[in-house]
Amino acid sequence: MSAGPNLHEVIEHRKAQLPPQTNAFRAIDGTVWPGVFIDVLADRLLISLRDTSLPDDLLRRLKEGKYPAYLKKLDKDVKEAPVPVSGTQDLPLRFEIEENGVRYIMDMAAGYSQGIFLDQRDNRAEVRRRCRPGMRLLNTFSYTGAFSVCAALAGATTTTLDLAQPCLNWCRENMELNGIDPTQHYFCKGDTLHWLDRFARQGRNFDAIILDPPTFSRDEKGKIWRVEKDYGSLVAKAMACLAPGGWLLCTTNCRKVSHAQFRKLVLSGAPTAHVASSPMTFDFDGEDYLKTLWVNT
């Protein structure tokens, strides 16, 4: 096996291609060592492994480099937090990154994700570009609310929806970090499907809705929801809450669904809408797994 690239040179090359005021990105996307993904998060590295172990030559390079590095396994059902593998061990677990001038809190103690999904960088920028003062945006399955932050920075009034109260609290922190008053926005705890039905019954609608669900979930009654089977019905529920002239961001990282299949699913829920796709951000140059469709009524 090749000894691999010079990590410092790879990182500096990526940095030169990034938009201004951005210090979080993917440096290596499974293209050098199979199953090995390296993200730069401000002043540290996150090494993620899928069905493999940490290559010896990579570990040596990490220990020789200037970046503190953390290791995370992406194996199915593993939700453990990253562990340090090189560099100083006394860094704070919670820290800030910057993306297109927007600041987000990251947490190395979190098991599922460290705070935002880097592959959605271009979509977050596009949401901010599309939003304007007075718009009403609903961010479903919001996680830490990064889409809400971008919309709010553009002047939109946001409603952030997630099952987990800690995620909603995290979103409030991200807003405050960017000078946004979270009391001027709305936060809903609960199941997205139930809330969409509730909004429709109440006649409450939105100018924009973000749909980025997990690939698999189970509600409190044990009912299973899967992207490949149920995304179309999710789109239909969202369309019932969409104001005339509004738009949806429909996206998924489900590897079981092809781009063509995803388009078919989305159109099954919005058959008369105009749909346009967007490619993955450039630093994710390995597997083309993320599907993004902008749905305009």
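These notes go through a predicted model of the protein, moving from its overall dimensions to its sheet, a hairpin and one loop residue.

1. Overall form. The protein has 297 residues, for which a compact globule would have a radius of gyration near 19 Å, and the value of 19 Å computed for the model agrees with that expectation. Along the principal axes, the C-alpha atoms fill a box of roughly 60 × 40 × 40 Å. The secondary structure comes to eight helices and 16 strands.

2. Burial, surface and contacts. Of the 297 residues, 51% count as buried, while the surface that the protein exposes amounts to about 13700 Å², of which carbon and sulfur atoms supply 51%. If one takes the contacts between residues at least 6 apart in sequence, 61% of them join residues at least 24 apart.

3. The seven-stranded sheet. Seven strands form an open sheet in the order β10-β9-β8-β11-β14-β16-β15, and their pairing is mixed. Its edges are taken by β10 (186–189) and β15 (274–277), and because each of these has a single partner strand, one side of each is left without a neighbour in the sheet. From one strand to the next, the twist averages 15°.

4. Strand β8 and its two partners. On one side, β8 (residues 136–139) runs parallel to β11 (residues 206–211), to which three bridges join it, and here L138 of the pair stands opposite I209 in β11. β8 also pairs with β9 in the parallel sense, over four bridges, with R136 standing opposite T157 in β9. Between β8 and β9 the chain crosses through helix α4 (residues 146–153), and this β-α-β crossover is right-handed.

5. The helix across β9 and β10. Helix α5 (residues 165–177) lies across β9 (157–162) and β10, and its direction makes an angle of about 165° with that of β10. In the order of the sheet, β10 and β9 follow one another, and β10 is one of the edge strands.

6. The hairpin of β1 and β2. Strand β1 (residues 24–29) has six of its six residues buried, and it is therefore largely enclosed by the rest of the structure. Five bridges join β1 to β2 (residues 36–41), and the two strands run antiparallel; within this pairing, the bridge partner of D29 in β2 is F37. The hairpin has six residues between its strands, and G30 takes a positive phi near 70° there.

7. Residue N100. Where does N100 lie with respect to β6 and β7? N100 is found in the loop between β6 (94–99) and β7 (102–107), and with a relative accessible area of 26% it is partly exposed. Although N100 and Q21 are 79 residues apart in sequence, their C-alpha atoms are 5.2 Å apart in space. Leaving aside residues up to four places away in sequence, N100 touches P19, P20, Q21 and T22, and also R121, A125 and R128.

8. Points to look at together. A reader who wishes to follow these remarks in the model could begin with β8, which has β9 as a parallel partner and β11 as another, and then turn to β1, whose partner β2 runs antiparallel to it. N100 can be viewed next, along with Q21, which is among the residues that it touches.

Key
Residues are numbered from 1 along each chain as its sequence is written. This is a predicted model: local features need pLDDT of at least 70, side-chain atom pairs count only at pLDDT 80 or more; totals for chains, interfaces and linings use all residues. Side-chain values use heavy atoms; hydrogens and water are left out. Two strands pair if DSSP finds at least two bridges between them. Axes are lines fitted to C-alpha atoms, for helices over the stretch in contact, and angles run from 0 to 180 degrees between N-to-C directions. Contact means heavy atoms within 4.5 Å. The radius of gyration is taken over C-alpha atoms; the globule rule is 2.2 Å times the number of residues to the power 0.38. Buried means under 20% relative accessible area, exposed over 50%, partly exposed in between (1.4 Å probe, protein chains only). Accessible areas come from the Shrake-Rupley method with a 1.4 Å probe; for residues, only the protein chains shown count as cover. A crossover is right-handed if, with the strands pointing away from the viewer, the path from the first strand over the helix to the second runs clockwise.
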